[in-house]
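User: I would like to learn how to read a few features of a protein model. Could we start with charged side chains?

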Amino acid sequence: MFKEKKMKEAPVLERNIIGKKTSIIGEIHSEGDFRIDGTVEGSVRAVGKVIIGKEGHVKGTIECTYADVEGQVTGNLNVSELLSLKSTAVISGDVVIGKLNVESGAVFNATCSMKGMVKELNSNEKQKAASKTAS
């Protein structure tokens, strides 16, 4: 008779910060946003946005929805939406993104794949293969 109301989980709006003189070795998982002004060796996984400050350095893997980079990232960077590189950013490694915004002066020494383009290329290759075998 009565319908239960389904409550949607509210997104976590907290911001976590690693200070300038802080070093962390290991894995970081966050449901909110994350700002790194210190050093992280390992992996960072955040549902929200990851911000690497001017003095921030990450050596390892970053997985997030959005990322703003002013500092250094060495390793794998997987951003499902937008990666913004500020003029002071230095990126080295493998990058998989949805969209990319690069300011003049940023250093981008990476292998880069755009998620939308990868899907599009894969479907085009399958169509070409199917048309070749149908002849």
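Analyst: A salt bridge is counted here when a side-chain nitrogen of Lys or Arg lies within 4 Å of a carboxyl oxygen of Asp or Glu. The model is predicted. One pair that meets the rule is D37 and R35, with 3.0 Å from N to O.

User: How many salt bridges are there by this rule?

Analyst: The count is four. Among them is the bridge between E63 and R45, at 3.6 Å from N to O. E63 belongs to strand β6 and R45 to strand β4, so this bridge ties together parts 18 residues apart in sequence. Another joins K20 to E55, whose closest N and O atoms are 3.9 Å apart. K20 is in the loop between β1 and β2, and E55 is in the loop between β5 and β6, so that pair links parts 35 residues apart in sequence.

User: Are K20 and E55 buried or exposed?

Analyst: Both K20 and E55 are exposed. In the D37 pair, D37 counts as buried because its relative accessibility is 14%, and the cut-off for buried is under 20%. R35 is partly exposed at 23%. In the remaining pair described above, E63 has 31% and R45 has 32%, so each is partly exposed.

User: What should I look for among nonpolar residues?

Analyst: In soluble globular proteins, nonpolar side chains tend to be buried together. In this model the largest nonpolar core has 23 residues, and those with the most contacts inside it are I36, V50, I52, I62, V69 and L83. Strands β3, β4, β5, β6, β7, β8 and β9 each supply at least two residues of the core. The largest share, five residues, comes from β8.

User: Which residues is I52 in contact with, leaving aside its neighbours within four places in sequence?

Analyst: The partners of I52 include I36, I62 and V69, which are also listed with the most contacts inside the core. I52 also contacts H57, D68, E70 and Q72, among others.

User: Which residues make a nonpolar patch on the surface?

Analyst: L100, V102 and M114 make a nonpolar surface patch of about 210 Å². M114 is in strand β10, residues 107-114, and is partly exposed because its relative accessibility is 32%.

User: And how do I read the cysteines?

Analyst: A disulfide is a covalent bond between the sulfur atoms of two cysteines. The count of disulfides here is zero. C64 is buried at 7% relative accessible area, whereas C112 is partly exposed at 33%.

Technical notes: Residues numbered from 1 in each chain as written. Predicted model: local features only at pLDDT ≥ 70, side-chain atom pairs only at ≥ 80, totals over all residues. Heavy atoms only, no water. Patch = residues over 30% accessible without salt bridge, like charges linked within 9 Å, V, L, I, M, F, W, Y side chains within 5 Å. Areas by Shrake-Rupley, 256 points an atom, 1.4 Å probe, with all protein chains shown as cover. Helix = DSSP H or I, 4+ residues; strand = E, 2+ residues; numbered from the N terminus. Buried < 20%, exposed > 50% of the residue type's maximum accessible area, 1.4 Å probe, protein only. Core = buried A, V, L, I, M, F, W, Y, C linked by side-chain atoms within 4.5 Å. Contact = heavy atoms within 4.5 Å. Disulfide = S-S within 2.5 Å.
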